[in-house]
Amino acid sequence: MTAELSTEEHLLLRQAAVRLRNQFKGRLDTETIERFLADSLDRLMEKATTTWTVLLAERFAGERLRAVVRLQTNPTLLNPSVLFLCVHNAGRSQMAAGFMRFLSAGLVDVFTGGSEPAEDINHVAAQAMLEKGINIRGEIPQPWSDEIVQAADMVVTMGCGDACPIHPGKRYADWEVDDPAGKALDEVRPIRDDLEQRVRALMEGLNIEPVW
C-alpha cells in the first residue's frame, strides 16, 4: 500500500526506517525492521492516509520490534512485562500503562493496545493523569499484535470482551473499570484512582516496589 503515499509521506517513511534501524542496531537486522514497518503501515492504512498514519506506523512498528527483541532474549535477563488492553487504547489502558511505567521506574516492560484504537488519546484522562504528575499526552492509540501479546508475561484486559486475544499459557486479569470516554474530569478522577490501586496491587504480585 505504500504506493498510495504522497512524496512527503514516502520521505517520512524512509526517515522512520532510519530511526528504527538506529534504535534496534545490533539487535535486529535491517530486513526485519523494514518488514515490520511496512506491515505496520499496511495494517493502519484503513484509516486516513495522512502524515499521522506514517508516524503511527513508526510507533506501532517500534513496539512490535521491542516485543520481538524481548522474545529473542533469555527470559532470565528480562524484567517482567505487562500488556494493558481496552477497546480504544485511549483511556483506561493508557492510564494503567502510565501508572505502571511511572511507579515501576522502568522495572516493568509495558505495552498497550486496543481492539478499535481511537484517533487520539482521551484528553480528559490525560488531564487527570497530569494531576498525579504523569504525562500520557504524547501516547498514541494503537492496535495490538501477536508479537506483543506473546512477549507479555501478564495481559490485563478492560472491556474489550471477546475481541481480546487469548494465548494459552499467558497470565490474564480482567479489570472491570469504567470507560472514561465522554466523562467529565470529576467523573474520571475515581477511575484514575481505581486504576492506580489496581496497578499497585499488580506490582506487588510481580514483586516490584513502587517508587512512591
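**Close-up 1. Arg19 and its salt-bridge partner Glu58 in the predicted model.** Arg19 is partly exposed, with a relative accessibility of 38%, whereas Glu58, at a relative accessible area of 15%, is buried because it falls under the 20% limit. The side chains of these two residues meet in a salt bridge, with N and O 2.7 Å apart. This pair links distant parts of the chain, since Arg19 belongs to helix α1 (residues 7-23) and Glu58 to helix α3 (residues 51-71), 39 residues apart.

**Close-up 2. The salt bridge between Arg64 and Asp39.** In this view the closest N and O atoms of the two residues are 2.8 Å apart. Arg64 lies in helix α3, while Asp39 lies in helix α2 (residues 30-44), so the pair ties together parts that are 25 residues apart in sequence. Arg64 counts as buried, at 4% relative accessibility, whereas Asp39, at 30%, counts as partly exposed.

**Close-up 3. A salt bridge inside helix α7, formed by Asp194 and Arg198.** The side chains of Asp194 and Arg198 meet with an N to O distance of 3.0 Å. Both residues sit in helix α7 (residues 185-205), and because they are four residues apart there, about one helical turn separates them. Asp194 is partly exposed, with a relative accessible area of 28%, and Arg198 also counts as partly exposed, at 26% relative accessibility.

**Close-up 4. A network of salt bridges.** Glu63, Arg66, Arg70, Asp109 and Asp153 are joined into one network by salt bridges that share partners. Side chains of opposite charge can pair when their charged atoms come close. A search of the whole structure finds 17 salt bridges.

Key:
Residues numbered from 1 in each chain as written. Predicted model: local features only at pLDDT ≥ 70, side-chain atom pairs only at ≥ 80, totals over all residues. Heavy atoms only, no water. Salt bridge = Lys/Arg side-chain N within 4 Å of Asp/Glu carboxyl O. Helix = DSSP H or I, 4+ residues; strand = E, 2+ residues; numbered from the N terminus. Buried < 20%, exposed > 50% of the residue type's maximum accessible area, 1.4 Å probe, protein only.
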